[in-house]
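Please open the model in a viewer and keep the sequence panel at hand. The stops below each give a selection to make and then describe what is found there.

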Amino acid sequence: MKASTTSAPYTPLPSSYPDHHHHHHHPLNVIVLTYYRDPPPSYLFLRRCLLFTIALLLLAGAAFLLYPSDPDLKLARLRLNHVRVNSSPLLTLDLSFSLTIKVRNRDFFSFAYDSLVVSVGYRGRELGLVRSQGGQLRARATSYVNATLDLNGLEVIHDAFYLIEDLASGVIPFDTVTDVTGSLGLVFLQIPIEGRVSCELYVNINNQTVVRQDCYPKVRNTFRFDNALNTCIM
């Protein structure tokens, strides 16, 4: 027995096209269509996963560049003008610092800050503060703000015992906290942001110098895309 074959009926193309006046032979154009097969489901899944990963990486890059971040603060310069302890009639403290704060705008938008505040404390207790005027900081720019802190006649009653010990050692530890608050101009939005840096200062009262300083900037948490990437990979 012969195996039966199935074929689609077709009509042959004419070898020439009629013309009322002349008869011309035209060449035939034959188009061969290949058989189309649907891709396997695993290929489609990998393709979608790859496109999703690329789109997610592009979104992460855009978010990294455009996401508002806090300004970077650093204590660029510190000079001790004088420190003096008065024992009569009360135990008081005279203190004067001159500081230069470096403010760096890491964003791609301008930053307007209302004020820059520097406070000085002793043993976790604030002694006083100084407030500078506000200003405008361009995108990806750096500015230096000068501040002078003069504190005279500060009564150190609660920490008198510690102050006497520090006077005996010749070194008094102070801590400074610098805050800057403002808003980031993002199109028509005003996004409030804040920067802070804390420093521990060790002052030698004999030669009136700062013998050591340790600064700790505030760290802001950032958004992570790990969960989304793991969802695609698993």
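Begin on the surface of this predicted model by selecting Leu50, Ile54 and Leu58, which form a nonpolar surface patch of about 310 Å². Within this patch, leucine 58 belongs to helix H1, which covers residues 41–66. The relative accessible area of leucine 58 is 63%, and the residue is exposed because this value is over the 50% cut-off.

**The whole chain**

Next, colour the protein chain by secondary structure. The assignment comes to 3 helices and 9 strands, and their order along the sequence is α-β-β-β-β-β-β-α-β-β-β-α. The chain has 234 residues, of which 31% count as buried. With a surface displayed, about 16900 Å² is exposed, and carbon and sulfur atoms supply 58% of that area. As for contacts between residues at least 6 apart in sequence, 65% join residues at least 24 apart.

**The nonpolar core**

Hide the surface and turn to the interior. In soluble globular proteins, nonpolar side chains tend to be buried together. Which residues have the most contacts inside the largest nonpolar core? They are Leu95, Phe97, Ile101 and Phe174, in a core of 39 residues. Two or more residues of this core come from each of S1, S2, S3, S4, strand S6 (142–155), strand S7 (171–186) and S8.

Centre the view on phenylalanine 174 and display its surroundings. Apart from neighbours within four places in sequence, the contacts of phenylalanine 174 include Leu93, Leu95 and Phe97. Val120, Gly121, Tyr122 and Leu127 are also among them, as are Cys199, Glu200, Leu201 and Val203.

**The disulfide**

From that contact list, take Cys199 as the next selection. How many disulfides does a search of the whole structure find? The search finds 1, and the bond joins cysteine 199 to cysteine 215 with an S to S distance of 2.2 Å. The link between cysteine 199 and cysteine 215 is right-handed, with 105° about the S-S bond. Because cysteine 199 is in strand S8 (residues 189–204) and cysteine 215 is in strand S9 (residues 209–217), the disulfide ties together parts 16 residues apart in sequence. Cysteine 199 is buried, at 4% relative accessibility, whereas cysteine 215 is partly exposed, with a relative accessible area of 31%.

**Salt bridges**

Now display the charged side chains. The whole structure contains 6 salt bridges, and three stops among them follow.

Select aspartate 72 and arginine 104, whose side chains form a salt bridge with an N to O distance of 3.6 Å. This pair links distant parts of the chain, with aspartate 72 in strand S1 (residues 72–86), arginine 104 in strand S2, and their positions 32 residues apart in sequence. Is aspartate 72 buried or exposed? Aspartate 72 counts as buried because its relative accessibility of 18% is under the 20% cut-off. Arginine 104, at 31% relative accessibility, counts as partly exposed.

Move to aspartate 166 and arginine 123, which meet in a salt bridge at 3.0 Å, N to O. Aspartate 166 is in helix H2 (residues 160–169) and arginine 123 is in the loop between strand S3 (111–122) and strand S4 (125–132), so this bridge ties together parts that are 43 residues apart in sequence. Aspartate 166 is buried, with a relative accessible area of 8%, while arginine 123 is partly exposed, at 41%.

For the third stop, select arginine 212 and aspartate 214, whose side chains meet in a salt bridge at 3.2 Å, N to O. Arginine 212 counts as partly exposed at 45% relative accessibility. Aspartate 214 likewise counts as partly exposed, at 21% relative accessibility.

**Threonine 100**

Finish at threonine 100, which is placed in strand S2 (residues 92–104). Threonine 100 counts as buried, at 7% relative accessibility. Which residues are in contact with threonine 100, leaving aside its neighbours within four places in sequence? They are Lys74, Leu75, Ala76 and Arg77, together with Tyr144, Val145 and Asn146. Display these side chains to complete the tour.

Terms used. Residues numbered from 1 in each chain as written. Predicted model: local features only at pLDDT ≥ 70, side-chain atom pairs only at ≥ 80, totals over all residues. Heavy atoms only, no water. Helix = DSSP H or I, 4+ residues; strand = E, 2+ residues; numbered from the N terminus. Buried < 20%, exposed > 50% of the residue type's maximum accessible area, 1.4 Å probe, protein only. Contact = heavy atoms within 4.5 Å. Disulfide = S-S within 2.5 Å. Salt bridge = Lys/Arg side-chain N within 4 Å of Asp/Glu carboxyl O. Core = buried A, V, L, I, M, F, W, Y, C linked by side-chain atoms within 4.5 Å. Patch = residues over 30% accessible without salt bridge, like charges linked within 9 Å, V, L, I, M, F, W, Y side chains within 5 Å. Areas by Shrake-Rupley, 256 points an atom, 1.4 Å probe, with all protein chains shown as cover.
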